[in-house]
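This report describes one protein chain and the ligand bound to its model. Please read it alongside the sequence and coordinates.

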Amino acid sequence: MIVHPELRRAARRARPPLLAATLLQGAVTLTHLAQAALLAVALAGLARGDTARLPWLLAAVLAVVAARAGLALWQRRTATRAGARVRVALRDELLARLGRLGPAHLAGARAGAVRTTLVDGVEGIDAYVSRYLPQLLVTLTVPPLVLAVVAAVEPVALLGLVPALLLALAGPRAWDRLLASRGKEHWDTYEGLGADYLEALQGMPALRAAGAVGRTRTRLEQRSAALHRATVAKLRVSLADTGITDLAIQGGTAAAALLACWSAVTGSTSATGTYLVLLLASECFRPVRDLAREWHAGYLGASAADGLAALRTAEPAVRDTGTASADWPEPPELCFENVEFTYDGARTPTLRGVTFTARAGRTTAIVGPSGSGKSTLMALLLRHHDPDGGRITLGGRCTTRYALDALRRGIAVVSQETYLFHATIADNLRLARPDATDDELARAARAAGVHDEIAAFPAGYATVLGERGATLSGGQRQRLALARALLADAPVLVLDEATSSVDERREADIVRELVNAAGGRTVLVVAHRLAAVRHADRIVVLDGGRVDAVGEHAALLGSGGVYAELVEAGHDHREGLAA
Ligand SMILES: Nc1ncnc2c1ncn2[C@@H]1O[C@H](COP(=O)(O)OP(=O)(O)OP(=O)(O)O)[C@@H](O)[C@H]1O
């Protein structure tokens, strides 16, 4: 009888249908009691040779059976509705929470584990809440009622029923802690296996390239074997639990029957009373038996409760306390003012006193050696983290004063990791703006340098992409993501290595086209290859988390320093390739 607070909280979301399902479950149980009473009267009549009322009694039994069938169907439907309400509300809440947690949380969590919690964990909660909980309430109320009736008819039978009932309900509680820990063990293994499989599937090209497919298969087999062991261990405890319940039920029923027969033989009870006790003794345990059955359906939910609670209550890396909307009348100016930042657990700061301004409606490039902190700057701008010192302002206001959703909607981002969905090209583009016309799609795709290729596909914009855009080249994927960002029509556009999969000559053209298409937006371009950013209005050079220089291409090149070294390194690399 594990009632985790998370499960109680889940149940509160569907109180009315759950209450109705519980009452209907109670009504179904009462039909069993009514049937037992009618049969007891009929059997007692038969024993006395009185058959006059028999047809009526049998007709009443049939009516009760029919009523039960109807009530059971109604109950099942109501419980399913309650379960669906819990499931939908819980998934919505968890997805919203994941959205708020943002990439900072996902960097530390495994996608497969989160998927398992969201899908299987929530399904388990549904079974627990819609099936186990109503049955639990019925089990706690109906048997005492039956005992009261038995006490009125044949008190001595209580000597068999009460201890057995107490044993059936309280005995398995001794296992609760073990049951909970085995359930958790099983859930953790299950979650880990799900995460491993997802990772192996997504990383198959890398595994194949590294010749590691066989090793991964062996590891997955070991994980599967561990899951099998955890399942058996869990079942063993669960079966011991069920075994005790069954033993108590059978012992209690037999003892009550013997005591009722003894009363009948000694003549201290009427025939009707004896039959009633015999039949009620079995009915007294029916809810307990049903509870044991529903427990197996709800056990997964009870095991997943910790994981769900952890996800639901995980704290985002930043607080969403701002209220300002990000509807700037003009593209906003962006300022980094003395920004300091160190990742959790890192020994050295990633950004040290970064100060620069990206002018409104202009293109600012951020360049620097690998690891200099370019992507971290973008992560701070989008408030995946907040600076430890200094501040970032957009349109003259600190980013923390904007509502997070509004801020992120105001900044369209294309990063080096694009995500395309298993849907048509048009659907993928319209993610950014569902009401965009076909002409607007084509215009954005043209600016991103991908329209001609789309038009050359037999189905054009109706071409269905493989999962994660697997049926496109890396460059095509990036350019589609660029088109999507342009369609979003946000006043600030961030291109974080957005064209790294495009060949160098094409990259410079695309960035130029994009900046034209961005038409007065405030654009930030992070790029390794300097050809792509040499025409930017302003270039910020980062080195080791500090701003090394700010200026235009020619001036930066002329003054030597890190920028000139980067340009030089680019030349050397190209010459090396050409040689
Ligand atoms: N989530 C993280 N947790 C801890 N350290 C991180 C995290 N992300 C980045 N870092 C560290 O912060 C530093 C800056 O990384 P960042 O990705 O911002 O550099 P970058 O200039 O964008 O590099 P690149 O050009 O290679 O993409 C690196 O030393 C990196 O190891």
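The text below covers the overall fold, one helix pair, the ligand shell and two backbone outliers.

The model is predicted, so local features need pLDDT of at least 70 and side-chain atom pairs count only at pLDDT 80 or more, while totals for chains, interfaces and linings use all residues. Residues are numbered from 1 along each chain as its sequence is written.

The protein chain has 18 helices and ten strands; these are DSSP runs numbered from the N terminus, helices (H or I) of at least four residues and strands (E) of at least two. Of its 579 residues, 39% are buried, meaning that 20 or more other C-beta atoms lie within 10 Å of the residue's own; 12 or fewer is exposed, in between is partly exposed, and C-beta atoms are placed from the backbone.

Helices H4 (residues 111-153) and H9 (residues 271-313) pack at about 155 degrees with axes 6 Å apart, the axes being lines fitted to C-alpha atoms over the stretch in contact and angles running from 0 to 180 degrees between N-to-C directions. H4 and H9 are therefore roughly antiparallel (over 145 degrees; under 35 is roughly parallel, 65 to 115 roughly perpendicular, the rest oblique).

Twelve residues surround the ligand, and Tyr343, Ser370, Lys374, Ser375 and Thr376 come nearest (C-beta atom, placed from the backbone, within 6 Å).

Two non-glycine residues have positive phi:

| Residue | Phi | C-beta neighbours inside 10 Å | Class |
|---|---|---|---|
| Asparagine 338 | near 55 degrees | 13 | partly exposed |
| Arginine 383 | about 55 degrees | 24 | buried |

Asparagine 338 sits in strand S1 (residues 334-341), and arginine 383 in the loop between helix H10 (374-381) and strand S4 (389-394).
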